[in-house]
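Hi,

Here is the structure I promised to pass on. Have a look at it first, and then read my notes underneath.

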Amino acid sequence: MIYYHVDLPARIWWTGGDPYAKKSIENGFFFPYPPTEMRLFAWVNMMTPKVALLIWLSAMATIVAAAGWSASQWRRRLQLNEIQPLTAVTLALWSTPFLFAMERGQYDPLSLLVILAALPLLSRKSNGAQFLAGAVLCFAPWIKVYPGLIFVGLLGLRRWWASLGFIVS
């Protein structure tokens with residue numbers, strides 16, 4: 001499982017080592033993730049790798065289930081074709097992207113957590129809430145690069161204050 005490419009660097013960093021060091025690469029270990037990852041996974045040092053893996057897999061499933069439930073609720077609010085919450089959660093948990101992330105132990109669902117935190121702010125009309133939503137969303141690219149494309153969506157939706165919050169933060 002590729003999860004250990006997330007776990008091991010956090011452990012190396014925690015003990016004062018450098019996961020980007022050449023000796024790590026020579027030993028067959030390559031760490032391509034941003035420095036944020038080591039800080040997000042510093043908690044793995046408090047337990048064995050197996051326990052940390054089980055906790056992370058459970059957290060991933062919880063985040064994706066919350067995203068499925070939230071999508072169902074937002075569809076109802078936007079008066080789109082309704083998908084029952086249980087169906088939405090089941091579909092999210094059995095989707096290929098999630099199963100792939102789960103099998104690889106990736107930390108993509110953390111980006112979903114940031115988006116879920118910003119959704120209530122984006123639904124408010126005040127400029128301050130919109131700006132704060134953009135500020136929250138700016139954390140997604142610090143986790144993984146591709147969620148930074150959400151900025152393009154903010155521009156397309158003409159959420160100028162959210163876009164400004166994304167840029168300034």
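Below is what turned up, beginning with how to read the notes.

This is a predicted model, so to speak of local features I needed pLDDT of at least 70, and side-chain atom pairs count only at pLDDT 80 or more, while totals for chains, interfaces and linings use all residues. Residues are numbered from 1 along each chain as its sequence is written, and side-chain values use heavy atoms, with hydrogens and water left out.

Let's start with the aromatics. Searching the whole structure gives five aromatic pairs (ring centres of Phe, Tyr or Trp, for Trp the six-membered ring, within 6.5 Å; planes under 30 degrees apart are stacked, over 60 edge-to-face, the rest tilted). One of them is F41 with W56, an edge-to-face pair with 5.1 Å between centres and 75° between planes. It links distant parts of the chain: F41 is in the loop between α3 (35-40) and α4 (49-77), W56 is in helix α4, and the two are 15 residues apart. (Helices are DSSP runs of H or I, at least four residues, numbered from the N terminus.) Both F41 and W56 are buried, meaning under 20% relative accessible area with a 1.4 Å probe, protein chains only; over 50% is exposed and in between is partly exposed. F41 and W56 also belong to one aromatic cluster with W43 and Y107.

Y107 has a charge for company: the charged end of K144 sits over its ring, 4.8 Å from the centre. R77 does likewise over the ring of W74, at 4.7 Å. (That takes NZ of Lys or CZ of Arg within 6 Å of the ring centre and within 35 degrees of the ring normal.)

Now for the inside. The largest nonpolar core (buried Ala, Val, Leu, Ile, Met, Phe, Trp, Tyr and Cys joined through side-chain atoms within 4.5 Å) has 23 residues, and Y3, F41, V44, W56, Y107 and L110 have the most contacts inside it. Helix α4 gives the largest share, seven residues. Another core, of ten residues, lies apart from it and includes L121 and L137. Back at Y3, the residues it touches (heavy atoms within 4.5 Å) include F41, W43, P49 and R104, leaving aside those up to four places away in sequence.

Last, two backbone oddments. Q79, in the loop between α4 and α5 (85-93), has a positive phi near 55° without being glycine, and Q79 is exposed at 72% relative accessible area. R158, in the loop between α10 (150-156) and α11 (160-168), has a positive phi near 60° and is exposed at 63%.

Cheers
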